[in-house]
Amino acid sequence: MDRLTRSGYTVHLWNVYGGNGGFLETNGAGPAASKHEVVTNAYYKRAENVADWRISRA
């Protein structure tokens, strides 16, 4: 099993669409309850934990 597919690992997701790469990060609460807005940002660790994503079983 690839180590990135293991439950519990923290990963950083990089967007490469259209040459405008950036780390996928949360940007606070979204428009609906229990939802988060997500954006991309070229800077890793712009703020604490905003670009950290944890793999979990569905």
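# A guided tour of a five-stranded chain

Begin by colouring the chain by confidence: among its elements, strand β3 (residues 22-29) has the lowest confidence, at a mean of 80, whereas strand β2 (residues 14-15) has the highest, at 83. This is a predicted model, and over the chain the mean pLDDT is 76, with 90% of residues reaching 70 or more.

**The whole chain**

Switch next to a cartoon view, in which the chain shows five strands and zero helices, so that its pattern, read along the sequence, is β-β-β-β-β. If you then turn on a surface, about 4800 Å² of the chain is exposed, and carbon and sulfur atoms supply 53% of that area. Of the 58 residues, 14% count as buried. Among the contacts in the chain with a separation of 6 or more, 42% are between residues that lie 24 or more positions apart.

**The sheet**

Select β2, β3 and β4 together, and you have the three strands of an open sheet, arranged in the order β2-β3-β4 with antiparallel pairing. At its edges are β2 and β4 (36-41), each of which pairs on one side only.

Look first at the junction of β2 and β3, where the two strands run antiparallel and are joined by two bridges. These strands form a hairpin with six residues between them, and within this hairpin Gly18 takes a positive phi near 60°. While you are in the loop between β2 and β3, select Asn20 as well; this residue is exposed, with a relative accessible area of 58%. A distance drawn from the C-alpha of Asn20 to the C-alpha of Asn41 should read 9.4 Å, although the two residues are 21 apart in sequence.

Now move across to β3 and β4, which pair in the antiparallel sense over five bridges. This pair of strands is also a hairpin with six residues between them, and here the residue to pick out in the turn is Ser34, whose positive phi is about 65°. One of the bridges to display is that of Ala29, whose partner in β4 is His36. Another position to display is Phe23, which stands opposite Asn41 in β4.

**The aromatic pair**

Which residue of β3 is the bridge partner of Trp14? Select Trp14, which has its place in strand β2, and follow the bridge to Phe23 in β3. Show both side chains, since a search of the whole structure finds one aromatic pair, and Trp14 and Phe23 are the residues that form it, edge-to-face, with 4.8 Å centre to centre and 75° between the planes. The pair counts as edge-to-face because the angle between the planes is over 60 degrees.

Are the two partners buried or exposed? Trp14 is partly exposed, with a relative accessible area of 45%, whereas Phe23, at 18%, is buried, because the cut-off for that class is under 20%. Leaving aside neighbours within four places in sequence, Trp14 is in contact with Gly21, Gly22, Phe23 and Ala42. For a further distance from this residue, go from the C-alpha of Trp14 to that of Tyr44, which is 10.0 Å away in space and 30 residues away in sequence.

**Asn41 and Glu25**

From Phe23, step over to Asn41, which has its place in strand β4 and counts as buried at 15% relative accessibility. Not counting residues up to four places away in sequence, Asn41 touches Gly22, Phe23, Glu25 and Arg46.

Glu25, one of the residues that Asn41 touches, makes a suitable last stop. Its place is in strand β3. How accessible is Glu25? At 1% relative accessibility, Glu25 counts as buried, and a selection of the residues around it shows what it touches: once residues up to four places away in sequence are set aside, these are Glu37, Val38, Val39, Asn41, Tyr43, Arg46, Val50, Ala51 and Trp53. Keeping Asn41 and Arg46 displayed is useful here, as Glu25 touches both of them, and Asn41 in turn touches Arg46.

How values were computed
Residues numbered from 1 in each chain as written. Heavy atoms only, no water. Phe/Tyr/Trp six-rings, centres within 6.5 Å; stacked < 30°, edge-to-face > 60°. Buried < 20%, exposed > 50% of the residue type's maximum accessible area, 1.4 Å probe, protein only. pLDDT = per-residue confidence, 0-100. Helix = DSSP H or I, 4+ residues; strand = E, 2+ residues; numbered from the N terminus. Contact = heavy atoms within 4.5 Å. Areas by Shrake-Rupley, 256 points an atom, 1.4 Å probe, with all protein chains shown as cover. Pairing = 2+ DSSP bridges.
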